Amino acid sequence: MTIFAHGLLVTPLIIIMFDQDQIAVWYLLQTLVGLGLLADAGFGFTLSRAVAFFVAGVEKLPANREEFNTKLEHRGNMNLDKLASLFSTSYRVYLIISLVFILIFAPIGMAVVWNVMNLAGHDPFLWAAYGFTIASTFVDIQA
């Protein structure tokens, strides 16, 4: 729903309010955000699945379809130990992914955006938008 609203409301405003150079910077920033969020590579869905199993009280995650189809061993209540372990591990994984994003996309993104920023006159507002985009993508990956 958010992506639909973004396309329906924000994109027309960007096209109406900004000139071509600023729109080019905006498209490049959106590309960098998309690439940054691609770094998740499905971890979020796997994490959600694991959380659902452990909230149901399962002792271990099924390794394959046969284990999934058999009766899983339940404790009867949430498996808080496994949830804590899962959250600890996922925190480390996402922190590493976010730091790699910053280390790669900050300088590479700057090199990619530099030509378009040059066309826009190196507007400080656009450079601030670039910095904010990198920072917000870091937070989005963490979330």
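Is Ser-136 buried, partly exposed or exposed? In this predicted model, Ser-136 comes out as partly exposed, because its relative accessibility is 22% and the buried class stops short of 20%. The residue sits in helix α6. Its C-alpha atom is 16 Å from that of Pro-107, with the two positions 29 residues apart in sequence numbering.

Helix α6 also turns up in the pocket analysis. The largest pocket comes out at about 330 Å³ in volume. Its lining is made of 16 residues, and those closest to the centre are Trp-26, Leu-29, Gln-30, Ala-129 and Thr-133. Two helices that each supply at least two lining residues are α2, spanning 20–38, and α6, spanning 124–142. Of the contributors, α6 gives the most, with eight residues. As for chemistry, the lining breaks down into ten nonpolar residues, five polar ones and one charged one.

Helix α2 is also home to Leu-32. Here the accessibility is just 6%, so Leu-32 goes down as buried. A long hop in sequence shows up at this residue: Leu-32 and Gly-109 are 77 residues apart along the chain, yet their C-alpha atoms are 7.0 Å apart in space.

Next comes helix α5, which covers residues 80–119 and holds Ile-96. Ile-96 is exposed, because its relative accessible area of 55% is over the 50% mark. The residue is also part of a nonpolar surface patch of about 560 Å², made together with Val-100, Leu-103, Ile-104, Ile-108 and Val-112. Membership in such a patch calls for over 30% relative accessible area, a bar that Ile-96 clears with its 55%.

Val-93 belongs to α5 as well. With a relative accessible area of 30%, Val-93 is classed as partly exposed. The patch cut-off is over 30%, so a value of 30% for Val-93 sits right at that limit. For a sense of distance along the chain, Val-93 and Met-110 are 17 residues apart, and their C-alpha atoms are separated by 25 Å.

One backbone oddity is worth a look. His-122 has a positive phi of about 50°, even though this residue is not a glycine. Where does His-122 sit? The residue is placed in the loop between α5 and α6. Its relative accessibility is 26%, so His-122 counts as partly exposed, falling between the 20% and 50% limits.

Put side by side, the individual residues cover each of the accessibility classes: Leu-32 is buried at 6%, Ser-136 is partly exposed at 22%, His-122 is partly exposed at 26%, Val-93 is partly exposed at 30%, and Ile-96 is exposed at 55%.

Terms used
Residues are numbered from 1 along each chain as its sequence is written. This is a predicted model: local features need pLDDT of at least 70, side-chain atom pairs count only at pLDDT 80 or more; totals for chains, interfaces and linings use all residues. Side-chain values use heavy atoms; hydrogens and water are left out. On a 1 Å grid over the protein atoms alone, a cavity is a set of points where a 1.4 Å probe fits but cannot get out, and a pocket is an open set with protein on both sides within 12 Å along at least five of seven lines; lining residues have an atom within 4 Å of a point. Grid points are joined across faces, edges and corners, and a volume is the space filled by probe spheres set on the points. Helices (H or I, at least four residues) and strands (E, at least two) are DSSP runs, numbered from the N terminus. Ala, Val, Leu, Ile, Met, Phe, Trp, Tyr, Cys and Pro count as nonpolar, Asp, Glu, Lys and Arg as charged, and the others, Gly among them, as polar. Patches are made of residues with over 30% relative accessible area and no salt bridge: like charges are joined within 9 Å, nonpolar side chains (Val, Leu, Ile, Met, Phe, Trp, Tyr) within 5 Å. Accessible areas come from the Shrake-Rupley method with a 1.4 Å probe; for residues, only the protein chains shown count as cover. A salt bridge is a side-chain nitrogen of Lys or Arg within 4 Å of a carboxyl oxygen of Asp or Glu. Buried means under 20% relative accessible area, exposed over 50%, partly exposed in between (1.4 Å probe, protein chains only).
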